[in-house]
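Here is a short briefing on a ligand site and the protein around it. Look at the structure, then work through the points below.

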Amino acid sequence: MAIVSSLSTKHLLGIKYIQKDDIETIFRTADNFKEVLSRPVKKVPSLRDVTIANLFFENSTRTKMSFELAEKRLSADVINFSASSSSVKKGETLLDTVNNILSMKVDMIVMRHPAPGTPFYLSQNIDASIINAGDGTHEHPTQALLDAYSIREKHGEVKDKKIVIVGDIKHSRVALSNIFCLKKLGAQVAVCGPATLIPKHIESLGVQVFYNLKKALEWCDIANVLRIQLERQDIKFIPSLREYAMYYGVNRDILESLSKKITIMHPGPINRGVEISSDVADSEQSIILDQVENGVAIRMAVLYLLAGQVS
Ligand code: CP
């Protein structure tokens, strides 16, 4: 497997900061790794002698396991850090923690952190490549890449497709990264949700806004359904989850009332019966598990392409 391209950047801090060419390079590289992952032996030696630290300061199932699997499939050495059991609890600064980890000859950092901008701050203060695995309400670039890659796989291309992102847009890093990624690839993008969960001036990003779910679903080819991020809400933005489900829950009845069959996506974790019903999440219109599967190939591609820039 010969891959010669690299990215225009040393870090992956957000989709906002990369070029359309970078996204296309990542997709082509992920195509190669998808083929590798279909083989009986799913491991390649590409990152032998590269050491990667996964620093997760916030909970994760999919992203953490997907990065770790991607790193192991590439034969990297992997160390994992969890904030709840670390010396951060004893008052150490983030920069001291990371510099201590780097002094153990670590080459790359994958970081999830609840504070927006933390990976950017680190990138200004350390030499290693940083991959943002989700920073608060800011960006989740590898999620957006795997989402767009899954659309390309299902629909042939992303350009000119109509995609609506439904739900808690205000608190969602997935929404922001998806908007940047899909717009760069030439898609038409809309958001839909209650007015309290739609950020002011979001139209300035070139997206359409729907407040009515049925109209949004009639418009789109693909609906990416998000959960309500209760952990990021210190005040109430909706009266109750039951009322949210009544007006914005994607269920079988609303899908059957449409004039066409749309594709359903969700980045996970899903809250069954709130933003999506079980019969939709598990239906043949849903590509939720394809998204998870594609996440490993996308993260292998990002790691591989950025490792080419490790000095
Ligand atoms: N989609 C996503 O980021 O899921 P996790 O929080 O489980 O990593």
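By class, the shell around the ligand holds 6 polar, 2 charged and 1 nonpolar residues. The model is predicted. The space that the ligand takes up is the largest pocket.

**Who lines the site**
- Ser60, Thr61, Arg62 and Thr63 are among the residues that surround the ligand.
- Arg112, His140, Gln143, Pro267 and Gly268 also belong to this shell.
- The charged members of the shell are Arg62 and Arg112.
- The nonpolar member is Pro267.

**Polar contacts to the ligand**
- The side chain of Ser60 places an N or O atom 2.6 Å from an oxygen atom of the ligand.
- The side chain of Arg62 also offers an N or O atom, 2.9 Å from a ligand oxygen.
- Gly268 takes part through its backbone: a polar atom there is 3.3 Å from a nitrogen atom of the ligand.
- On its own, the ligand exposes 250 Å², and the protein buries 91% of that area.

**Domains and the site**
- The protein is split into domain 1 (15-140 + 292-307) and domain 2 (141-288).
- Which domains supply the shell around the ligand? Domain 1 and domain 2 each give at least three residues.
- Ser60 and Arg62 fall in domain 1, whereas Gly268 falls in domain 2.

**How the domains meet**
- The centres of domain 1 and domain 2, taken over C-alpha atoms, are 25 Å apart.
- In the contact between them, 33 residues of domain 1 touch 26 residues of domain 2.

Key:
Residues numbered from 1 in each chain as written. Predicted model: local features only at pLDDT ≥ 70, side-chain atom pairs only at ≥ 80, totals over all residues. Heavy atoms only, no water. Near = heavy atom within 4 Å. Polar contact = N/O pair within 3.5 Å; in protein donor to acceptor, adjacent residues only side chain to side chain. Areas by Shrake-Rupley, 256 points an atom, 1.4 Å probe, with all protein chains shown as cover. 1 Å grid on protein atoms, 1.4 Å probe; cavity = no way out; pocket = protein on both sides within 12 Å on 5 of 7 lines; lining within 4 Å. Sits in = over half its atoms within 2 Å of the grid points. Domains from an automatic or database assignment. Contact = heavy atoms within 4.5 Å.
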